[in-house]
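This report describes the strand arrangement of one chain and then turns to a single strand within it.

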Amino acid sequence: MSGSDIFPLGPVDQVPDGQVRRFEVGGRAVAVIRIGDDFYALGDTCSHADYSLSEGYLWPEEGKLECPRHGSRFSLETGEPDSLPATRPVPTYRVELRDGELFLVLDSGDPGGGEATAATTANNNNNTTTTTDDTTAEGQQR
Ligand code: FES
């Protein structure tokens, strides 16, 4: 029970370019974002209050997702907010594209849920995108 758990999200076209979609994965809500061929995933609940980030506004050029309630903008790569009132990051997760299907990868150190999975609570600020089929994760850590 170490390493990663992989959850299928469905066909890649469920998340059109420039859009955000909410998924329930392993007992947690996740916002999956697509910018071109790059995919990102953030915890869907704003770190300031209980609002869904997937209902917010995407800033693709800046790589940010804005909370619909008070406007804090969260980095797609680190989950860190760039403005008040949010002061804490939201979790980030890896997304992989394989044969036209999206998968969310929860590493053993990823936060949230985990009752039925290997996920444990911690803060792991990495995010990965893949742009071609059958490729392995390609890190984009900062
Ligand atoms: S609920 Fe998101 S910034 Fe306040």
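## Sheet order and a buried strand

In this predicted model, six strands make up an open sheet in the order β1-β9-β8-β4-β3-β2, and their pairing is antiparallel. β1 (4–11) and β2 (20–25) are the edge strands, each pairing on one side only. On average, neighbouring strands of the sheet are turned by 30 degrees against each other, with direction ignored.

The chain as a whole contains 11 strands and 0 helices. Read from the N terminus, its elements therefore run β-β-β-β-β-β-β-β-β-β-β. Of its 142 residues, 39% are buried. Among contacts between residues at least 6 apart in sequence, 46% join residues at least 24 apart.

Three of the pairings in the sheet can be set out with the number of bridges and one pair of bridge partners for each.

| Strand pair | Bridges | Direction | One bridge pair |
|---|---|---|---|
| β2 and β3 | 6 bridges | antiparallel | Val 25 and Arg 28 |
| β3 and β4 | 6 bridges | antiparallel | Arg 34 and Phe 39 |
| β4 and β8 | 2 bridges | antiparallel | Ala 41 and Tyr 93 |

Strands of a sheet pair through backbone hydrogen bonds, in either a parallel or an antiparallel manner.

The edge strand β2 is joined to β3 by 6 bridges, and Val 25 has Arg 28 of β3 as its bridge partner. Strand β3 (residues 28–35) is in turn joined to β4 by 6 bridges. β3 and β4 form a hairpin with 2 residues between them. In the turn of this hairpin, Gly 36 has a positive phi of about 65 degrees. Arg 34 is bridged to Phe 39 in β4.

β4 lies between β8 and β3 in the sheet order. Its pairing with strand β8 (residues 92–98) rests on 2 bridges, and Tyr 93 in β8 is the bridge partner of Ala 41.

How many residues of strand β4 (residues 38–43) are buried? The count is 6 of the 6, so the strand is largely enclosed by the rest of the structure. A residue counts as buried here if 20 or more other C-beta atoms lie within 10 Å of its own. Both faces of β4 are covered. On one side, Asp 38, Tyr 40 and Leu 42 are buried; on the other side, Phe 39, Ala 41 and Gly 43 are buried too. Two of these residues recur in the pairings above: Phe 39 is the partner of Arg 34, and Ala 41 is the partner of Tyr 93.

Methods: Residues are numbered from 1 along each chain as its sequence is written. This is a predicted model: local features need pLDDT of at least 70, side-chain atom pairs count only at pLDDT 80 or more; totals for chains, interfaces and linings use all residues. A residue is buried if 20 or more other C-beta atoms lie within 10 Å of its own, exposed if 12 or fewer, and partly exposed in between; C-beta atoms are placed from the backbone. Helices (H or I, at least four residues) and strands (E, at least two) are DSSP runs, numbered from the N terminus. Two strands pair if DSSP finds at least two bridges between them. Two residues are in contact if their C-beta atoms, placed from the backbone, lie within 7 Å. Axes are lines fitted to C-alpha atoms, for helices over the stretch in contact, and angles run from 0 to 180 degrees between N-to-C directions.
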